[in-house]
Structure formats: C-alpha cells, structure tokens
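Visitor: Could you take me on a close look at the places in this protein where something sits or could sit? I'd like one connected tour rather than a list.

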Amino acid sequence: MRTPVAIVGAGPAGLMLSHLLAQAGIASVVLESRSREYVEHRVRAGVLEHATARLLAETGVGERMRREGLVHRGIDIRFDGALHRIDFERLVGRTITVYGQQEVVKDLIAARLAAGGDIRFECEDVRVAGFEGNAPRVAFVRAGRAEEIECDFIAGCDGFHGVCRESIPAGRLERFERAYPFAWLGVLASAAPAREELVYAHHDRGFALFSMRSPTVTRLYLQVPPDEDMAAWPDARLWDELRTRLAQEGDWHPNEGPILEKGITPMRSFVAEPMQCGRLFLAGDAAHIVPPTGAKGLNLAMRDVRVLSAALERFHRARDESGLAAYSRTCLKHVWRAEHFSWWMTAMLHRFPDNDPFQRRLQRSQLEYVVSSEAAAASLAENYVGYDG
Ligand code: APR
Ligand code: PHB
C-alpha cells in the first residue's frame, strides 16, 4: 500500500501530526508498537503551555480539555519553608492548563478514528528504509503478517527509544547530551489536591513537586538517586518524605490517599541534530529529551509537529520544499530554548550530590533572585508558559 506520510509512533507527536495533516487534506498511516489500551493509560506529564492548549482547541480536539482541564495562573516555588508565588498571568498575561498527556492521547485517537484515520496498533519489528532516496518505506509485522507501506515521507515520532533515529546512518547526526545525578520518583494518588496550583520545592533532602491531575487525583514527585530501587520506598516512607520536603508554614501537607501508580523516571537532556535525514523527519522525544522540571516535553513535541505539518502541507500543495528544508533549523530554535529552560530549572531546584559550598551558595542566590526580582520572575514565567520568540 501507499500513503503520503507514514508516521511511526502514536504518542502525542505522531497522533497530532496525523490529525493536523488530515485537516490539511493529507492522508497518513500511524504505526504503533503498543496496544491502544497501553498508550491511552501510560501516565506521563500533564502541563499544557498556552499554545498547546490553543492548538488542541483550534483543531477541534479541545472539548474535554476545556471541561476537565485545570487552568493555572501561576506556580509556587518553595525553599526555606516559605512559598513564593510566580504569577504567570500578572507577569506575562498567560496561563497553563493541567491536563494529563494520556488524556490528550485519548482525545486524539478518538478524533482520528472518528474521522476514518488509519492508526495501526501492535505493529512489531517496524523498520524504515529508502528515506535517503525517493522511495521511503516502512516495513512491519502485524498479527503475524509482514506488511510494507510506501510513502513520500516518514515521520519518526517514536519517542526516545524508537527505531527511526537509530536507523539514520552513522555520522549523520550530532548528539548533545547531559545525564543528571538523580531521578524522579513519581506518585499518582487518589486524593483531592490540597492546593490549587503546583509547588516546586527545593529542600536540603532533595527536590519535590506537588501537582495534580483532577479534583480527585494528586500527582507528586520526589528527587531520588539515579539507580534507586522502588522497593526502598514503601508508601509510609513516601508520604513522610513528601511531607518533609513540601512542608510549609501552617502545617500544610498534601492529602494522602491510595497510591494508584508509582514509578522512577531518569533525568536526561538530549538533542539530535539535524532533526532530518533525507525524507525522514524526527519529531518529539525521538529527536530530543528534556528533564521534566520545566514541563516542556509534550509541548515541544506539539511545536515540532505544527512546523512539520505546515511544511508537508506546503509541499503537497505546491511541491514547495522550502518548509521541509527549514524544518530542523526552525524546530531547533525552540528546542534549544526549552533545553536551556529545563536544564536551568533543574539546576536551580535540585540537590546535586557533588555540589561544593560555593555552588550551593550560588544556587541559593539564584532562588532568592527569581522570587524577588520582577524581571527574573517574568523570565521564568515567559519560558514556562511557552516562549514564541
Ligand atoms: N515502532 C512503532 N512505535 C514505536 C516504536 C517502534 N519501533 N518505538 C516506540 N514507539 C511508540 C511508543 O510506544 C510511543 O507510543 O512511539 C510512541 C512515542 O510516544 P512518546 O514517547 O509519548 O513521544 P512523543 O509523541 O514524542 O511525545 C513526547 O512524551 O515522553 C513524553 O515527556 C514526553 O511529554 C513528552 C512526550
Ligand atoms: C506533572 O503534573 O506530571 C508535572 C507537572 C510539572 C512538571 C512535571 C510534571 O514540571
């Protein structure tokens, strides 16, 4: 079979690309290795930038987000037991929306299927080829049968561990990378959020984050060593540590409740350049990873596919390749802004095991500056809600 665009991966990047292309009248096929059930329930990030929320709304997939998403006007940064508010709305006139990534994925899958879209789950042994010439194709095995799709372009939206980036011949990509000396232990609890907005806490024992998914579900994170074993964190220890790191004046603490899910996420920064090889274009986590401290991963994926769909549309309308030629350059500008912001938030808020007293004083000074200077707070706010420059 033949399709204009073969999309590998049904995460937010692949699904939104397929949705945007369909709206431009361009057909695509999405090939996903996991089941629909799996991708719809994988718990990931949950903060939508202003532009991401607008994109969902403007393209007709924002209905449930509008009803169930929580609009936040700022965040709190906590250190030395005190809370400091960063008021996005006052500082930069924008808000964010808290709405789980898996909810975005569910809404996009429902919209694609309702519009007759072609998403194939449980594809095994996906292989991409021919993208350096004029005959790109994707081979895969589904329900025991080998199949092949010929296409004009391949979109590699298959995440950090996908097959597309690694199929690009050696020497074509330059990789930029940072590993951090810690991980995040994430907890999803059936408990009403004890505050309305997020708290990013810097504590001598390590970073903690208070977040939420809905009026009945709290999302929490703790900084832990990179090789931490989940068995070291029975529920009682988890709640104790969260109380300690998030403690504020007035004895505030998160509400406790049954833990629905917990897991450990390594922290990494990564960029592959360029985000293209011939007729294969990388988008989202396949091309770059950020540590979750800036809540940028999902939003970056959305920015990439907006650029890619516009470029593909221009090509299909008028055989104009200029958008495709500029794709990587255009994306890398916003990618590197997000890389810097995520690295900076991570460095400011975590406890680095090897930091000497000089570095700890610098970190403290940075925290005090961000919460006391309008200019510094506005810079944080501008990046958090999404910088369009
Ligand atoms: N073949 C087909 N599909 C694959 C393959 C493969 N070889 N490898 C991975 N996939 C699928 C994964 O199962 C997943 O559904 O590709 C999809 C990639 O989705 P994500 O990892 O969610 O990546 P992306 O769509 O770029 O979204 C970025 O995800 O990791 C978070 O925080 C990150 O929010 C950000 C977002
Ligand atoms: C989340 O709610 O999962 C979340 C929020 C903010 C972050 C990271 C994760 O920076």
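Guide: Happy to, and keep in mind that this is a predicted model. Let's start small, with the second largest cavity, which has a volume of about 30 Å³. Its lining is made of Gly11, Pro12, Val39, Arg42, Arg44, Gln101, Gln102 and Val105. Helix α6, residues 101-114, gives the largest share of that lining, with 3 residues. Sorted by class, you get 3 nonpolar, 3 polar and 2 charged residues around this cavity.

Hang on to some of those names, because they come back at ligand 1. That ligand has 25 residues around it, and Arg42, Arg44 and Gln101 are among the closest, along with Glu32 and Asp285. Pro12 turns up again too: one of its backbone N or O atoms is 3.2 Å from an oxygen atom of ligand 1. On the side-chain front, an N or O atom of Asp285 lies 2.5 Å from a ligand 1 oxygen. Leu298 adds a polar backbone atom 2.9 Å from an oxygen of the ligand. Taken on its own, ligand 1 has 710 Å² of accessible area, and the protein covers 87% of it. Two elements put two or more residues into this shell, namely α1 (12-23) and α8 (297-318). Of the shell, α8 provides the largest share, 3 residues. The class count for the shell is 11 nonpolar, 8 polar and 6 charged.

Now follow α8 for a moment. It has 22 residues, which at 1.5 Å a residue should span 32 Å, and its end C-alpha atoms are indeed 32 Å apart, so the two agree. Right after the helix comes Arg319, with a positive phi near 55 degrees.

That same helix also takes you to the largest cavity, where α8 and α9 each give two or more residues to the lining. This cavity has a volume of about 90 Å³. Its lining includes Lys296, Asn299, Leu300 and Arg303, as well as His334, Arg337, Ala338 and Phe341. Glu49, Asn383, Gly386 and Tyr387 are in the lining too. The largest share, 4 residues, comes from α9. By class the lining splits into 4 nonpolar, 4 polar and 4 charged residues.

Staying with α9 (322-349), you reach the second largest pocket, where α9 and α10 (357-372) each supply two or more lining residues. The volume here is about 220 Å³. Among the residues lining this pocket are Trp343, Trp344, Met348, Phe352 and Gln359. The lining has 6 nonpolar and 4 polar residues, with no charged ones.

Last stop, ligand 2. It has 14 residues around it, and Tyr200, Ser211, Arg213, Tyr221 and Pro292 come nearest. In the side chain of Tyr200, an N or O atom is 2.6 Å from an oxygen of the ligand, and Tyr221 also has a side-chain N or O atom 2.6 Å from a ligand 2 oxygen. Thr293 brings a polar backbone atom to 3.4 Å from an oxygen of ligand 2. Alone, this ligand exposes 280 Å², and the protein buries 98% of that. Strands β14 (208-214) and β15 (217-224) each supply at least two residues of the shell, with the largest share, 3 residues, coming from β14. Its classes come out at 9 nonpolar, 3 polar and 2 charged.

Conventions
Residues are numbered from 1 along each chain as its sequence is written. Chains are lettered from A and ligands numbered from 1 in the order in which they are written. This is a predicted model: local features need pLDDT of at least 70, side-chain atom pairs count only at pLDDT 80 or more; totals for chains, interfaces and linings use all residues. Side-chain values use heavy atoms; hydrogens and water are left out. A residue is near a molecule or strand if one of its heavy atoms lies within 4 Å of it. A polar contact is a pair of N or O atoms within 3.5 Å; within protein, one must be able to donate a hydrogen and the other to accept it, and residues adjacent in sequence count only if both atoms are side-chain atoms. Accessible areas come from the Shrake-Rupley method with a 1.4 Å probe; for residues, only the protein chains shown count as cover. Ala, Val, Leu, Ile, Met, Phe, Trp, Tyr, Cys and Pro count as nonpolar, Asp, Glu, Lys and Arg as charged, and the others, Gly among them, as polar. On a 1 Å grid over the protein atoms alone, a cavity is a set of points where a 1.4 Å probe fits but cannot get out, and a pocket is an open set with protein on both sides within 12 Å along at least five of seven lines; lining residues have an atom within 4 Å of a point. Grid points are joined across faces, edges and corners, and a volume is the space filled by probe spheres set on the points. The expected span of a helix is 1.5 Å times one less than its number of residues.
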